[in-house]
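Please take a look at this model. The questions below deal with its sheets, its strands and its open and closed spaces.

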Amino acid sequence: MENKIDHDDIGYNDTPNEHFSEILDKRISRRNLLRGSVASAISVMMGSATLTACGGGGDDAPVVTKPETPAPVEKLLGFAAVGKSLADLVTVPAGYTATVIYALGDPLTASATAFKNDGSDADFENRAGDHHDGMEFFGLDSAGKPSASGNDRGLLAINHEATTNEKLASFFIHANGGTNTLPRPAAEIDRETSLHGISVVEVRKNAGKWEYVKDSAFNRRVTCLTDCDLSGPVKGNALVKTKYSPDGSKIRGTLNNCGTGRTPWGSFVSGEENWSGYFTRGATDDAARGNDKSVAALKRYGRSQGAASRHGWESGGADDKYARWNNSKLGASLDGSDDYRNEMNGMGYIVEADPYNKGKNLRKRTALGRYAHESAAFGKTVAGQPLAVYMGDDSRNEYIYKFVSTATWSEADAAPADLLATGDKYLDSGKLFVAKFAADGSGSWIELNISNAAIAAYTTYKFADQADVLVNARLAADVVGATKMDRPEWCSVNPANGEVYFTLTNNSARTAPDGPNPRTYEDMKGTSKQTGNVNGHILRVKEKDGNASAAFTWDVYLFGAQSDANPSLVNLSSLTADQDFSSPDGLAFSRSTGICWIQTDDGAYTDVTNCMMLAGLPGQVGDGKKVTLAYGATNVDTFVGKTPTADTLKRFLVGPVDCELTGITETPDGKTLFVNIQHPGEGTANANIADPAKYTSQWPSNAGYGVGKRPRSATIAITKNDGGRIGS
């Protein structure tokens, strides 16, 4: 099987801007080599910790508790750490249960047929999509009304990021694996476009067990073809005028949705990530465009002329739903209203949805900028102060951003009658900033505004107006000297102190270390040598003076590494075998317990363990120490958070083969945790589609969910057997 392309690990930033690694360079040290080889034997047994209940004895006599006896104190991270595992199953600690509740293909309407999982199914507009990713829980009361305290019934809003493919076709959903030559059959393309987007699905407890509600009136699918409204400064701009929307007010669909967020007013937000690869451009399109400035913009977002698309959807026929994937200038108009040369400019935003009202279009919040969005994390709300939204651009050597609203927060907006109108108030007007990190542990937010002299004078790409700056935020960030980072993915705000955590997943192109990206090293995976920042790290930021602050301090909460790696150059967080991890991706704080949940999307350590989820008790920026890394004659300083202990960081879950752990949300009481298992079995070869014995994973059918043996992305519900909070 040929090597798969990791669409997250593609970089298009060739500017001379400083890498976080060069800053961490001015702070860390280049590592020569990981120690030796991995241990020959890996324990995969779960801990055998027992839960002790009050009372006991063989009779029915009541247990009398003396008034002065204090109530038992709940211990967070009281579970026994889960060992690393290569098994094709979901492993959770002793005393916990994980149940599959919603998987690819599950019907969402009463008329949709049961999923056969043999490649013959259709009607994916009315089924669960693929590659379950970020998600949020929205409570319902017993009468089906929105409820901030609904613990037994609610809605899950779930991203469906992508599909599993080796070449062009999403092979698990086609009977024979699909067509991998052009043109592709329209029927195959229609299935695949419907698998992308978002689900809103009702879930509930039934006899103590979680299930999804097949025919709920709340159930909804948003796909690549669902009308979405453009909102904010870019709406109506010349850059988003297309044949479908000549006035630039809307676009069909949302695409490659990855991380999520929940607004302070209770709506759902979703980030459009690796959308550019779905489009193609003709081999002579630069000349057709007159080599105008749009060529520079397209290249900066990964679409050079002649670039092939990820799935060949443009080849399905003459219908606009296929033609839109060709981003070439084919029409005669000056503004693009007779073709789809501007179609890609309508992708790459934070999208907001009202999860309770499927009659309202999603709104793309263009004021927050256009790039490969992951999640959107809202800073702590303070009455009378503006809101802050933190975001990362998930590609190698891209940037970290912050949006600050013009409107100041009013507590009256915490439970509004109209969620999207409140979104208009806070998300359509404000300032977009990009982060610049300094080697001394400080940093600054630089506004991306057309009035900035450097942006206004940029000759490589002449910005026309503020909407142009937002559409081409990467170019504007290049100009002001933002710091290149190691694939900024999810971010989340610690509810205890408002500090912001960013997962920097990895960077195979990292050659020069800097303060916030301080490691570049070699790591052997079997006989294969991996280089760069192989295992990734988690950065945290403390604002100097609230959401609108222009300055911050930073350090590294945790460095991913295998436990036996060089402690002075790689395993800087001194991780043990119960804590070691690689390629942090999903990240969220529990509002109930304050636990920081860390999920991995890894290819570097998967010869030792499948991807995993860890639970951490966060500290604060500055609780650790300064470390100097020695790379030959070069020293790099960085700041490392307090070394974790067995009581502050441990592995909670390991997933099935070839999966990514992603998506974390919980019920308000913290007693149910929902987690997504994405693309199990993605290492299967297309040629082996007819032989289930050659699938690298058969999950979740091997866990008793559904029919057929083709692996499926799915949502699981995790509960504690004693009814306690997750992570206690």
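What follows is a set of short questions, each with its answer.

The model is predicted, so local features need pLDDT of at least 70 and side-chain atom pairs count only at pLDDT 80 or more, while totals for chains, interfaces and linings use all residues. Residues are numbered from 1 along each chain as its sequence is written, and side-chain values use heavy atoms, with hydrogens and water left out.

Q: Which strands stand at the edges of the sheet β8-β7-β12-β11-β10-β9?
A: Strands here are DSSP runs of E, at least two residues long, and helices are runs of H or I of at least four, numbered from the N terminus. Two strands pair if DSSP finds at least two bridges between them. Six strands form this open sheet, with mixed pairing. An edge strand has a single partner, so one side is left without a neighbour in the sheet; this holds for β8 (250-252) and β9 (257-262).

Q: What is the bridge partner of S231 in β12?
A: Strand β7 covers residues 227-231, and β12 covers residues 362-365. The two pair in the parallel sense over four bridges. In β12, the partner of S231 is R365.

Q: What angle does the direction of helix α6 make with that of β12?
A: Helix α6 (residues 419-427) packs on the sheet and touches β7, β11 (350-353) and β12. Contact means heavy atoms within 4.5 Å. Axes are lines fitted to C-alpha atoms, for helices over the stretch in contact, and angles run from 0 to 180 degrees between N-to-C directions. For α6 and β12 the angle is about 5°.

Q: Is Q599 buried or exposed?
A: Q599 is found in strand β27 (residues 596-600). Its contacts, not counting residues up to four places away in sequence, include S583, M612, L661 and V675. Buried means under 20% relative accessible area, exposed over 50%, and partly exposed in between (1.4 Å probe, protein chains only). At 0% relative accessibility, Q599 counts as buried.

Q: Which residue of β28 stands opposite I598?
A: The open sheet β26-β27-β28-β31 has four strands and antiparallel pairing. Four bridges join β27 to β28 (residues 612-616). Opposite I598 stands L614.

Q: What is the volume of the second largest pocket?
A: A pocket is an open set of points on a 1 Å grid over the protein atoms alone, with protein on both sides within 12 Å along at least five of seven lines; a cavity is a set where a 1.4 Å probe fits but cannot get out, and lining residues have an atom within 4 Å of a point. Of the 46 lining residues, those closest to the centre of this pocket are E136, F137, R262, T263 and R591. Grid points are joined across faces, edges and corners, and a volume is the space filled by probe spheres set on the points. That volume is about 1200 Å³.

Q: How many residues of β20 are buried?
A: β20 (488-493) supplies at least two residues of the lining of the second largest pocket. β20 also pairs with β21 (residues 500-504) in the antiparallel sense over four bridges. The strand is largely enclosed by the rest of the structure, because the buried count is six of the six.

Q: What is the volume of the largest cavity?
A: A search of the whole structure finds four cavities of 30 Å³ or more. The largest is lined by 13 residues, with L104, D130, T164, F172 and P711 nearest its centre. Its volume is about 70 Å³.
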